[in-house]
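Trainee: I have a structure open and should like to go through it with you. May I ask my questions as they come up?

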Amino acid sequence: MDTPMVNTKNGRDMLAISRGTNTILNIIMVILCLLVLAPFYVIIISSITSENSLTVNGYRLWPEEFSFNAYTYLFREGSIIITAYRNTIISTVAGTVLSVILILLYAYPLTRSNFRFKGFFTFFAFFTMLFGGGLVSYYMVMRQILQIQNTIWALFLPSAFSPFWVFVLRTYIKTHVPEELIEAARMDGASEWFTLIKIVMPLSVPGLATVALFSAIGIWNNFFNVLLLIDQVELYNLQYTIYSTLNNIRFLLENAFQMQGQVNLAELPSQTFRMAMAVVTIGPIILAYPFFQRYFVRGMTIGAIKG
Amino acid sequence: MTKDVPPSSVSVPPKKKRWSADYIYCNLSYLTMVLPGAIWLFLFSYLPMPGIIIAFKTYRLQKPPADFWIQNRFIYSLIESPWVGLDNFRYLILPTNLNNTIMFVRNTVLYNLLFMIVGLVCTVLLAVIIYELTNRFWAKLYHSIFFLPFFISWVVVAYVVYALANHAGIINTTLASLGSPPLEIYKEKIYWPFIFLIGNLWKYTGNGSILYLAIITGIDRQLYEAAAIDGANKVQQFFHVTLPHLIPTIVLLQILAVGRIFGSDFDMFYTLPAGSALIRDVTTTIDIYVFNMLRSTSPIGYPAAVALVQSVVGFLLILITNFIVRKTRPEMALF
């Protein structure tokens, strides 16, 4: 990440904190980092606990018996997870590409002083950040007018654009693409579309990468729109699939004693299997991080400062 | 690749003549560019807006007659359903519902205030500590770790909470090995404000501090040197040099946060309790209530009334906060 370089004079900077303070802060940070990572540990260790050990001893920080059965089972027979993966990947890729295109196309004209309707379209986007129709009418419009419920569109179309990122990208373009460069291209007879694609776009890569990353996280982790708009198991994405199973096991296990005879606990898919599902849900989106990291701190910080 | 570009000192090319062929051509290009986004905004943001009138009606789904101008059941029902004035709003303050209404409004506002204040302090503190650490490699590593939770969905967090907090969870097995009685976390309210606060800090602190870290990095080091020569210690330097530089951004973000004070992180409040009904008094926010009402069999006018209040109050709060900021410190106002 872009963090400051300290100019050292004779080994130590006059402004640097003392060695003692530095050591204490480092210790605090290491402890905090371990706490931040603890949830990852918890979920991974639960997924590699043997089912037997989990049933007998409950969840443990260090289980008595390890087992990777949940994962082998997951990759052998995990048809729910495969469908969910397919839906998630399709919607994430489509939604990310679409959102980068839509946001860039909307942001660029807002940086141009000769755009006649700049004020109107700025307001048109900005107003939606301040006021909305509310959940009830959103729900009705999605289901009764646009009718995107129970289609793959519902997984990414509602998150395919964002006025907030339009303004971030607009600021980014304003501060990173010299106006003279655009004007020069225009003088040479380049069309606005050509200028956008050949000049503005390559210079805005960090900003675009930031938009892409946040959009991808948002759609990969999309839960709310699936809850609202999807009723069919075949269209569930990963988040919703694992959500519905968590809810079922918690309810069944905690109420099992009240419903003797009605629920056969042995028939419940194993708990470790569920935990393994949650783990493989995290995987790919974490992998995107290093890939985008080199761009996105710059993209985010510079674009977000008011300009 | 791109360095900060200095403000343009080169003279701007002579203005094109209004309505020249080039001007029109340019604007047509711009219009085609904004068109897809504008269509999206129209469909997903503006189209639901007229629907707020559901709050003033008894909405009944009806099939439009064959000669109606648009064959859409929602639009027809929206227009034809009878007006009931403020009845839907009155329902919320009926003696039987009043306590419930106060409960979810109170939850929403208090959680938001809690997250705003604690979140702000932690975010700024993290940025300052990361900046002050002398070893850059470790500082970057810490920051990367703190940012990681931002990638994790609340559903996965709900699994973590479950593994920790269910009656055979890690917390209880650890307590049992120490000889303590188990905690029924999914059945007792007292734990949940802490769970939500910790969850919120865990997920957003690293991400939020990026912006502050960038600003601190950009502060002229001579200011610190001058302060140090004047005898200011680190704490004084923070309050007299660092903080004044952060204030504009803090104000900007807090204006936006105040506008969302009636909103909430739906996914968090909905997934972490995993449907446990015993703790609903501390896990129901306005969004959760609206959603549950929408899914129930009760008339949708009730949740619509709540959603309308939520939208209007959010809108007014952001206008008022911004107005106050503009009167006192115009350069910090959002618009």
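Mentor: Please do; we shall take the chains, their contact and a few single residues in turn. Bear in mind that this is a predicted model.

Trainee: How many helices and strands does chain A have?

Mentor: Chain A has 14 helices and zero strands. Its pattern along the sequence is therefore written α-α-α-α-α-α-α-α-α-α-α-α-α-α.

Trainee: What share of chain A is buried?

Mentor: Of its 307 residues, 41% count as buried. As for contacts in chain A with a separation of 6 or more, 75% of them come from residues 24 or more positions apart.

Trainee: What is the mean confidence for chain A?

Mentor: The mean pLDDT of chain A is 83, and 83% of its residues reach 70 or more.

Trainee: And where is confidence lowest, and where highest?

Mentor: In chain A, the lowest is in helix α14 (residues 271-304), with a mean of 73, and the highest is in helix α7 (residues 153-156), at 95. Please also look at residues 1-11 of chain A, where pLDDT stays under 50. For that stretch the model has 21 contacts beyond four places in sequence.

Trainee: Turning to the two chains together, how many residues does each give to the contact?

Mentor: Chain A gives 90 residues and chain B gives 97. The side of chain A that touches chain B has 59 nonpolar, 21 polar and 10 charged residues.

Trainee: Could you show me a pair of helices across that contact?

Mentor: Consider helix α1 (residues 19-47) of chain A and helix α5 (residues 136-147) of chain B, which pack at an angle of about 30° with their axes 9 Å apart.

Trainee: Why is that pair called roughly parallel?

Mentor: Angles under 35 degrees count as roughly parallel, so α1(A) is roughly parallel to α5(B). The crossing of α1(A) past α5(B) is left-handed.

Trainee: Which residues meet there?

Mentor: From α1(A) there are A:Asn26, A:Met29, A:Cys33, A:Val36 and A:Leu37, and they meet B:Trp138, B:Tyr142, B:Ile145 and B:Phe146 of α5(B). By class, this contact has eight nonpolar residues, one polar and no charged.

Trainee: Is there a pair within chain A to set beside it?

Mentor: Helix α5 (residues 118-130) of chain A packs with helix α8 (residues 163-176) of chain A at an angle of about 130°, and their axes are 9 Å apart. That angle makes α5(A) oblique to α8(A). Here, too, α5(A) passes α8(A) in a left-handed crossing. A:Ala125, A:Phe126, A:Thr128 and A:Met129 in α5(A) meet A:Pro163, A:Phe164 and A:Val166 in α8(A). The residues of this contact are six nonpolar, one polar and no charged.

Trainee: Now for single residues: what is unusual about the phi of A:Asn150?

Mentor: Its phi is near 55°, a positive value in a residue other than glycine. A:Asn150 sits in the loop between α6 (135-146) and α7 of chain A. It counts as partly exposed, with 14 C-beta neighbours inside 10 Å.

Trainee: And is B:Ala274 buried or exposed?

Mentor: B:Ala274 is buried, because 22 other C-beta atoms lie within 10 Å and the cut-off is 20 or more. Its phi is also positive, at about 45°, although it is not a glycine. B:Ala274 lies in the loop between α11 (266-271) and α12 (280-283) of chain B.

Trainee: Lastly, where is B:Pro244?

Mentor: B:Pro244 is in helix α10 (residues 234-259) of chain B. It is exposed, with 11 other C-beta atoms within 10 Å.

Terms used: Residues numbered from 1 in each chain as written. Chains lettered and ligands numbered in written order. Predicted model: local features only at pLDDT ≥ 70, side-chain atom pairs only at ≥ 80, totals over all residues. Helix = DSSP H or I, 4+ residues; strand = E, 2+ residues; numbered from the N terminus. Buried ≥ 20, exposed ≤ 12 C-beta atoms within 10 Å, placed from the backbone. Contact = placed C-beta atoms within 7 Å. Nonpolar A, V, L, I, M, F, W, Y, C, P; charged D, E, K, R; others polar. pLDDT = per-residue confidence, 0-100. Axes fitted to C-alpha atoms, helices over the stretch in contact; angles between N-to-C directions. Parallel < 35°, antiparallel > 145°, perpendicular 65-115°, else oblique. Left-handed = near helix turned anticlockwise from the far one by under 90°.
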